[in-house]
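Please open the structure in your viewer and keep the sequence panel beside it, since each stop below begins with something to select. The tour starts with a question and then moves from one selection to the next.

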Amino acid sequence: MAKLDLNRVEMPRQEPKVRAKNFKEVALGYTEDMMKAEASRCIQCAKRPCVAGCPVNVDIPEFIRALRDGNVAESVRILKGKNALPAICGRVCPQETQCEEACTLGKKGASVAIGRLERYVADWELAHHSEGKPQIPPPTGKRIAVVGTGPAGLTCAADLAKMGHKVTMFEALHEPGGVLIYGIPEFRLPKAIVKAEVEYVKSLGVEVRLNSVIGKLDTVDEILSSYDAVFLGTGAGLPMFLGIPGENLNGVYSANEFLTRVNLMKAYLFPEYDTPVKKGRRVAVVGAGNVAMDAARCALRLGAEQVYIVYRRSKVEAPARHEELENAEEEGVIFKWLTNPKRFIGDARGWVTGMECLEMELGEPDASGRRRPIPKPGTEFTIECDVAIVALGTTPNPLIAQTTRGLATTSHGTVVADEQTGKTKKDRVWAGGDVVTGAATVISAMGAGKRAAASIDRFLRGAQ
Amino acid sequence: MYRIVAKETLVPSIQLMKIDAPAVSRKGKAGQFVIVRTHERGERIPLTIADMDPEEGTVTIVFQEVGKSTRELAMFKAGDSIMDFVGPLGIPTHVEKLGTVVCVAGGVGVAPIAPIARAFKQAGNKVITIMGARSKNLLFWEERLKAVSDELIVTTDDGTYGRKGVVTVPLKEVLERPEKIAEVIAIGPVVMMKFCCVTTRPFNVKTIVSLNSLMLDGTGMCGCCRVSAGGQTKFVCVDGPDFDGHTIDWDIFQARQQIYLDEEKQALQEWERCGCVSGAQKGRA
């Protein structure tokens, strides 16, 4: 047996200078040779800690073994057995804190690049269609409504359909996919990939109804009169603002608005597409999560000369994935750590011209366990900008909670649901994903959708 | 796809379309709005509902051709289908028996005020309606408003029909009458709504305006439509579109209406230059 390689096979990416000017995918994926080299690094250990590290418990060693043995179709079958959206997960999952963090190899060197291998398998399947029409058991006669077509809803719908239930999904926007479509940019997750995975879910017999704002059109209570169960996967779509002076000036965006214009409405192709976005010469993004990185990198690609990330804590506390911080840095985003915006400055016509900031220092840890940022008096300075983007995070849209009787919510606006089953306080209603946890990751939402599907199935069969 | 059941040019550059949308027509109420998107590359256009017929399953929209998207929408004919139609969005106009209410409408604002005036009338109110247009040839739905109003006053800026002048003049006169006015509802161009509020303020009469801010999703997701009301930031799409006009910061609102003026001009110019109707044709499946 060849000596174990402690270094993982790097995945080719577009050169930073080139990619900062286009919306094409940054990471290019493994070639077959790279895949084989990386797959053979997996030692197929007996403990399989990676499986427990995965929120949907993909049989990781098995799919990698099939790859190593040159049987990609078998690898597809194993992967899709647990994960309906592998091409998406292979791209946007934070594997470094999940399966890869648990990898046995990680104790000695670099863990197996599970995410890159997953992406290889999923992309191979999108090109080869080795799986025929999925086997679906005879209809149970049960009908389930899934509200929201993001990662939680898609996963829940796919699992329920595979169990023989009739699933109808309701989407408020004109395209299915939720945050995968409106939030995550093309260069990180091509929309063709999302569309292909949604088509797969539809191929299981799931019906998708677009332009359906539940709570305005029909309420959850009305839906319950014609469905046996409801799953709420409505996400966390409500943007938070800073609440500082000047925030309503022209040119100040929520990250949700900026990204929705660019991603869902394809404003980067304006005027070929009708929806515009302000391109900005100097752009300041407030926040340091993945959404902030996405916004900053979109702004660069739209042609901004300078893009700043302004964050009140330091790099260590930044919530973005390491990989995303690195991508942004390489592409030329300027980081202003320990900096907090105080107010937006505008001109006589109501347009933003700058952001007055204050330097911060870190004190004792706060409730989140991170060191609390404390303002340093007298350190005010101004960052000139003609576009500012506020990426502070999001909370659930209150529409459903306001219009559904007996659905308990927390003071943060999230829906109360059992962690293991997703069951809410309301009869026949389950919930999962960001609407329960607040803004989190694609894969944790998928895990919640999966657990809820199992619980709904148990309930429906028990109720027979 | 959503079929256009009927289309009518009400006056030059103002179009009426009846859209086949049974679910929306069943749920919609006066004061709410819909979002339409004509084709794959189109933008999402918010329009206040002008009428609904739940039995027929239709929703009526009335829009003015101002930019590329509305000009393109105007090219669709009865029998064609538009790509997306979503609603009802926003909170319905609060209607109850108050006594005497004054409905003021300017320009294309006549369309959304019609179902509101009707609802107030049906709730047992005395309804005084003031409608205005720049000129006689731009007036529409006079009969429709007359039918739901106890009194109708028509103004034209150039005096070609009805009283000469703007709507705030008869509004002030009505407010000066001995009769107590419980509420004023004003819908129309921003300047008109703003000056209706200026007119009613000394009389201390609650004035509801329906704001037509720029929007994207229309469900509270982006904050594009935010306004400052009573010193607080509100979203027109979910907190409105109706607001107490006396609480609105009109300067911010007017500025925010201008954000994409340059882009709107550019889009229209390019569209006119290439006579591009591909989008409209694509929608005509």
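Which residues are linked with R297(A) in a network of salt bridges? Select R13(A), R19(A), R188(A), D294(A), R301(A), E324(A), E330(A) and E331(A) together with R297(A), and you have the network on display. Please bear in mind throughout that this is a predicted model, scored at ipTM 0.93 and pTM 0.94.

**Inside the network**

Zoom in on one pair of that network, E324(A) and R297(A), which form a salt bridge whose closest N and O atoms are 2.8 Å apart. This pair links distant parts of the chain, with E324(A) in helix α15 (residues 322-331) of chain A and R297(A) in helix α14 (residues 290-301) of chain A, 27 residues apart. If you switch on a surface, you can check that E324(A) and R297(A) are both buried.

**A second salt bridge in chain A**

Next select K195(A) and E175(A), which also form a salt bridge, here with 3.9 Å between the closest N and O atoms. K195(A) sits in helix α11 (residues 191-203) of chain A, while E175(A) belongs to the loop between β2 (166-170) and α10 (179-182) of chain A, so that distant parts of the chain, 20 residues apart, are linked by the pair. What is the relative accessible area of K195(A)? The value is 42%, and K195(A) is therefore partly exposed, whereas E175(A), at 14%, is buried. Over all chains, the count comes to 56 salt bridges.

**Where the two chains meet**

Now color the model by chain and select the residues on either side of the boundary: 39 residues of chain A are in contact with 48 residues of chain B. Together the two chains bury about 3,600 Å², of which 52% is on carbon and sulfur atoms. Within chain A, it is K216(A), N248(A) and D274(A) that lose the most area to chain B, and together they account for 20% of what that side buries.

Show the polar contacts across this interface, and 23 residue pairs, both partners at pLDDT 80 or more, are found. On the side of chain A that touches chain B, β5 (238-239), β6 (252-254) and α13 (255-264) each supply at least two residues, and α13(A) gives the most, with four. By residue type, this side of chain A divides into 19 nonpolar, 10 polar and 10 charged residues.

**Helix α13 of chain A**

Select α13(A) by itself and ask: how many of the residues of α13(A) are buried? The answer is 10 of the 10, so the helix is largely enclosed by the rest of the structure. Among the buried residues are the charged E257(A) and R261(A) as well as F258(A), L259(A) and V262(A). Follow the chain onward from α13(A) and you come to K266(A), whose phi is positive, near 55°.

**A salt bridge between the chains**

The count between chain A and chain B is six salt bridges, and one to select is K278(A) with E263(B), whose side chains meet at 2.9 Å, N to O. E263(B) lies in helix α9 of chain B and K278(A) in the loop between α13 and β7 (282-286) of chain A, so this pair joins two chains. Both partners are buried, E263(B) at 13% relative accessibility and K278(A) at 12%.

**Y260 of chain B**

Keep K278(A) in view and add Y260(B), which lies in the loop between α8 (250-257) and α9 (261-274) of chain B. Is Y260(B) buried or exposed? With a relative accessible area of 4%, Y260(B) is buried. Leaving aside residues up to four places away in sequence, Y260(B) touches Y253(A), E257(A), R261(A), P276(A), V277(A), K278(A) and L214(B). L214(B) is 46 residues from Y260(B) along the chain, and their C-alpha atoms are separated by 9.3 Å.

**Last stop: confidence in chain B**

Finally, color chain B by pLDDT, which averages 94 there, with 96% of the residues scoring at least 70. Then select residues 279-285 of chain B, where pLDDT stays under 50 and for which the model has 17 contacts beyond four places in sequence. Where pLDDT is low, the predicted coordinates should not be read in detail.

Note on methods: Residues numbered from 1 in each chain as written. Chains lettered and ligands numbered in written order. Heavy atoms only, no water. Contact = heavy atoms within 4.5 Å. Buried area = accessible area lost by both parts, 1.4 Å probe. Salt bridge = Lys/Arg side-chain N within 4 Å of Asp/Glu carboxyl O. Polar contact = N/O pair within 3.5 Å; in protein donor to acceptor, adjacent residues only side chain to side chain. Buried < 20%, exposed > 50% of the residue type's maximum accessible area, 1.4 Å probe, protein only. pLDDT = per-residue confidence, 0-100.
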